[in-house]
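Please look through the sequence and the model below before reading on. The paragraphs that follow begin with a single position and then widen the view to the chain as a whole.

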Amino acid sequence: LGVSRTPIREALRDLAAEGLVDFDSYRSAIVHVPTLEEAIELYEMRIALDPIAVRKAVARITDEELDKAEAIHRAMLETNDDGRWVELNREFHRILLDASRSPRLTRVITRLRNSAALQVAKSLQAEPAQIQHANHEHAQILDAFRRRDAEAAAELTVRHLQTTLDIIKRYEAARSRSENR
């Protein structure tokens, strides 16, 4: 393709930093396969950190930001494309958490959320009805933000994250049982 190796190496390093690529012992790049242990670690961290950002965000979010989140929520209700839904889901949560106006906290949560995108996609494959359930939870979270109820928004966010983790755990347990047969 007429491209030198340097930009390719840099791109692979960036993908590895995002957790999307692994290097094997021969320094070959392979697509990363998420593990249950990663999912548990990611979601434990998000369950600890997201409520901090949510409480701050509820106090600081603007009506314009709430309107944007609501528009994204409507788009999530209308899409039948799982990949599109996952991207909209990331954007929905980004808007709400960016309102915390806590740049360091937001950067950490964003990295966790980006790493968890593969896990979210896995949860949708495991339980397709999860989209409808998550959409309902998003409506509840948005309502708590609009009411400026920080504790309800934080509690609903934790429940939302825990639901996804529980689905991933069930999926991995079932997959493990089928592989052992």
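**From one glutamate to the whole chain**

Once the neighbours within four places in sequence are set aside, E172 is in contact with L36 and K122. The structure in which these contacts appear is a predicted model, and the values given here should be read as computed from that model. E172 belongs to helix α7, which covers residues 150-179. Is this glutamate buried or exposed? With a relative accessible area of 9%, E172 counts as buried, because buried residues are those under 20%. A second glutamate, E18, lies 154 residues away from E172 along the chain, and the C-alpha atoms of the two are separated by 22 Å.

Helix α7 also holds T164, and this threonine, too, may be examined for its surroundings. Its relative accessible area is 7%, so T164 falls under the 20% limit and is likewise buried. Which residues does T164 touch, if those within four places in sequence are left aside? They are Y43, S123 and Q130.

The other end of the numbering offers a view of the surface. R5 is found in helix α1, an element made up of residues 5-17. R5 has a relative accessible area of 62% and is therefore exposed, the limit for that class being over 50%. This arginine is one of the members of a patch of positive charge on the surface, where R5 gathers with R9, R13 and R27. As for charge over the whole chain, there are 28 positive and 30 negative side chains, and the centres of these two sets lie 3 Å apart.

The overall architecture can now be set around these positions. The chain contains 7 helices and 2 strands, and, read from the N terminus, its elements follow the order α-β-β-α-α-α-α-α-α. Taken along the principal axes, the box filled by the C-alpha atoms is roughly 55 × 45 × 30 Å. Of the contacts in the chain with a separation of 6 or more, 73% are accounted for by residues 24 or more positions apart. Among the 181 residues of the chain, buried residues make up 37%, and both E172 and T164 are buried. The accessible surface, finally, comes to about 10500 Å², and 53% of that surface belongs to carbon and sulfur atoms.

Note on methods
Residues numbered from 1 in each chain as written. Predicted model: local features only at pLDDT ≥ 70, side-chain atom pairs only at ≥ 80, totals over all residues. Heavy atoms only, no water. Helix = DSSP H or I, 4+ residues; strand = E, 2+ residues; numbered from the N terminus. Buried < 20%, exposed > 50% of the residue type's maximum accessible area, 1.4 Å probe, protein only. Contact = heavy atoms within 4.5 Å. Patch = residues over 30% accessible without salt bridge, like charges linked within 9 Å, V, L, I, M, F, W, Y side chains within 5 Å. Areas by Shrake-Rupley, 256 points an atom, 1.4 Å probe, with all protein chains shown as cover. Salt bridge = Lys/Arg side-chain N within 4 Å of Asp/Glu carboxyl O. Lys, Arg positive; Asp, Glu negative; His and termini not counted. Charge placed at Lys NZ, Arg CZ, Asp CG, Glu CD.
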